[in-house]
Amino acid sequence: MKKQVHVAVGVIKKANLIFIAKRHDEQHQGGKWEFPGGKVEAGETVTQALARELNEEIGIEVKSSTPFLEIHHDYPDKSVHLDIHLVEEFDGQARHLEGQDHKWVAISDLNNYEFPAANVVIIEKLQTN
Ligand SMILES: Nc1nc2c([nH]c(=O)n2[C@@H]2O[C@H](COP(=O)(O)OP(=O)(O)OP(=O)(O)O)[C@@H](O)[C@H]2O)c(=O)[nH]1
Ligand SMILES: [Mg+2]
């Protein structure tokens, strides 16, 4: 059976800007842009996993997050369940602690970046809200 992963993903928003990071070439869906996040570990809630991943990857302290969208997507090599939360309250300066290229991008400019196929609906929803 295909590998299945449950992922906590953060859409980090500051005014009209969203924080995105470029996946390393050797990662799954490498070279594409992503919203930061990572796998939910055993015993964690999605909210806990999100706070932990955003602290480890981009050095922010999440103050609150709200559920935004859930996506199930099948890639040829794995199935992902993305639990996407909106993060508008956090402390610290977002940067990338794992060396990934990163930037704040206007919602209307997200179409200029290549994301994994699963992310298409996230961007559509951001742009229609
Ligand atoms: N973080 C993140 N992952 C995403 C997004 N869209 C998407 O399809 N994914 C997929 O979700 C999975 C989880 O990503 P991840 O960063 O936690 O894990 P990984 O497989 O790159 O690395 P790892 O196994 O070393 O933890 C990956 O297969 C990734 O391709 C997204 O916007 N953000
Ligand atoms: Mg990750």
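## A first pairing

In β7, which residue is the bridge partner of F19? The partner is W104. This is a predicted model, and the pairing belongs to a contact between two of its strands. Strand β2 and strand β7, residues 102-106, run antiparallel and share five bridges.

## The annotated domain

The UniProt record, an unreviewed entry, places the feature "domain: Nudix hydrolase" at residues 2-128. Over residues 2-128, helix makes up 17% of the chain and strand 44%. The C-alpha atoms at the two ends of this stretch lie 33 Å apart.

## Strand β1 and its partners

Start with β1, which covers residues 3-14. β1 pairs with β6 in the parallel sense, over 10 bridges. H6 stands opposite H81 of β6. β6 itself covers residues 78-91.

β1 also pairs with β4, residues 37-39. Here the strands run antiparallel, and three bridges join them. V7 stands opposite K39 of β4.

A further partner is β2, residues 17-22. Two bridges join β1 to β2, again in the antiparallel sense. K14 faces L17 of β2 across this pairing.

## Strand β2 and its partners

β2 takes part in several pairings. Besides β1 and β7, it pairs with β3. β2 and β3 are antiparallel, with two bridges between them. K22 has W33 as its bridge partner in β3. Strand β3 covers residues 33-34.

## Two loops with positive phi

β1 and β2 form a hairpin, with two residues between the strands. What is the sign of phi at A15 in this turn? Phi at A15 is positive, about 55 degrees, although A15 is not a glycine. A15 sits in the loop between β1 and β2. Is A15 buried or exposed? A15 counts as exposed because its C-beta neighbours inside 10 Å number 9, and the cut-off for exposed is 12 or fewer.

Q29 also has a positive phi, about 60 degrees, and is not a glycine. Q29 lies in the loop between β2 and β3. With 18 C-beta neighbours inside 10 Å, Q29 counts as partly exposed. Q29 appears again below, beside the ligand.

## The nonpolar core

The largest nonpolar core has 28 residues. Within this core, A8, V11, I12, L50, L54 and V62 touch the most other members. β1, β2, α1 and β6 are the elements that give two or more residues to this core. Helix α1 covers residues 46-58. Which element gives the most to the core? α1 does, with six residues.

Two core residues deserve a look together: A8 and L50. They are 42 residues apart in sequence, yet their C-alpha atoms are 5.2 Å apart in space. L50 is found in helix α1. L50 is buried because 25 other C-beta atoms lie within 10 Å, and 20 or more is the cut-off for buried.

Now set aside sequence neighbours up to four places away. A8 then touches G37, G38, V40, V46, A49, L50, E53 and D83. L50, on the same terms, is in contact with A8, G10, G37, V62, S65 and H85. A8 is on the list for L50, and L50 is on the list for A8. G37 appears for A8 and again for L50.

## Around ligand 1

How many residues surround ligand 1? There are 18, and the closest are H28, Q29, E34, G38 and P116. Q29 is the loop residue with a positive phi of about 60 degrees. G38 is among the residues that A8 touches.

The shell divides into nine nonpolar, six polar and three charged residues. Which strands each supply at least two residues of this shell? They are β1, β4 and β6. The pairings described above link these strands: β1 is parallel to β6 and antiparallel to β4. β1 and β6 are also among the elements that give two or more residues to the largest nonpolar core.

How values were computed: Residues are numbered from 1 along each chain as its sequence is written. Chains are lettered from A and ligands numbered from 1 in the order in which they are written. This is a predicted model: local features need pLDDT of at least 70, side-chain atom pairs count only at pLDDT 80 or more; totals for chains, interfaces and linings use all residues. A residue is near a molecule or strand if its C-beta atom, placed from the backbone, lies within 6 Å of it. Helices (H or I, at least four residues) and strands (E, at least two) are DSSP runs, numbered from the N terminus. Ala, Val, Leu, Ile, Met, Phe, Trp, Tyr, Cys and Pro count as nonpolar, Asp, Glu, Lys and Arg as charged, and the others, Gly among them, as polar. Two strands pair if DSSP finds at least two bridges between them. UniProt positions are given in the numbering used here, feature names are shortened, and annotations may be inferred rather than shown by experiment. A nonpolar core is a set of buried Ala, Val, Leu, Ile, Met, Phe, Trp, Tyr and Cys residues joined through C-beta atoms within 7 Å. Two residues are in contact if their C-beta atoms, placed from the backbone, lie within 7 Å.
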